[in-house]
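Student: I have a new model open and don't know where to begin. Can we go through it together?
Tutor: Yes, ask as you go.

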Amino acid sequence: MIPQPARALADLAVKLAQSIAPEAGSAYAMANTGLISMLLLAMAQDQDRAVANRVADIEDLKALFAAAAAAHPDAPQAGRRAAFQTGPLPGLRLSELDPWHAEGLAALIELHAWADANDPALSLRIWDFLVSHTERNRFDLPGA
């Protein structure tokens, strides 16, 4: 049998919501069961897409950093962004991607602070990335 973590988490969430929550003896227990069910569904969604979303963000960040370097080669922290932009993916495990992804987002924060004061068009491009990032990571949960 090939494990399917996202499916297992979703099945646990449904079991909690449909079988356990209605049997809870108090409103507090029912609410807690519902909360756990929603968290399991969110974990199932994120488990299934996490690597793809991190890689998409990293590729978008690299393109953004390349455009910023072309327009503003002397902007603060250019070396940090260049290292991120030219660096290879550290692996395809989430535990390998998350620190690299975090490094890119930290570099983006610095660039965004600078762009707000110096290049409104770049700042808007960063906002476009942030909208895409948010949409990629949005949870689609029942009743939410």
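Student: What share of the 144 residues in the protein chain is buried?
Tutor: Buried residues are 30% of the 144 in the protein chain. Buried means under 20% relative accessible area, exposed means over 50%, and partly exposed is in between, with a 1.4 Å probe and protein chains only.

Student: Anything I should know about the source?
Tutor: This is a predicted model, where local features need pLDDT of at least 70, side-chain atom pairs count only at pLDDT 80 or more, and totals for chains, interfaces and linings use all residues. Residues are numbered from 1 along each chain as its sequence is written, and side-chain values use heavy atoms, with hydrogens and water left out.

Student: How many helices and strands are there?
Tutor: The protein chain has 5 helices and 0 strands. These are DSSP runs numbered from the N terminus: helices are H or I with at least four residues, strands are E with at least two.

Student: Why is the chain called more spread out than a compact globule?
Tutor: Because its radius of gyration is 20 Å, well over the 15 Å that the globule rule gives for 144 residues. The radius is taken over C-alpha atoms, and the rule is 2.2 Å times the number of residues to the power 0.38. Along its principal axes, the C-alpha trace spans about 65 × 35 × 15 Å.

Student: Switching to helix 4. How far does it reach?
Tutor: Helix 4 covers residues 94-118, and its 25 residues reach 35 Å from first C-alpha to last, close to the 36 Å expected at 1.5 Å a residue. The expected span is 1.5 Å times one less than the number of residues.

Student: Which residues in it are buried?
Tutor: Among them are L97, W100, H101 and L108. The buried residues of helix 4 pack against helix 2 (27-71), helix 3 (78-86) and helix 5 (120-136).

Student: And R54, where is that?
Tutor: R54 is in helix 2. It counts as buried, at 12% relative accessibility.

Student: What does R54 touch?
Tutor: Leaving aside neighbours within four places in sequence, R54 is in contact with D46, L94, L97, D98, H101 and N137. Contact means heavy atoms within 4.5 Å.

Student: Last one: what is listed for the phi of Q77?
Tutor: Phi of Q77 is near 65°, a positive value in a residue other than glycine. Q77 sits in the loop between helix 2 and helix 3, and at 42% relative accessibility it counts as partly exposed.
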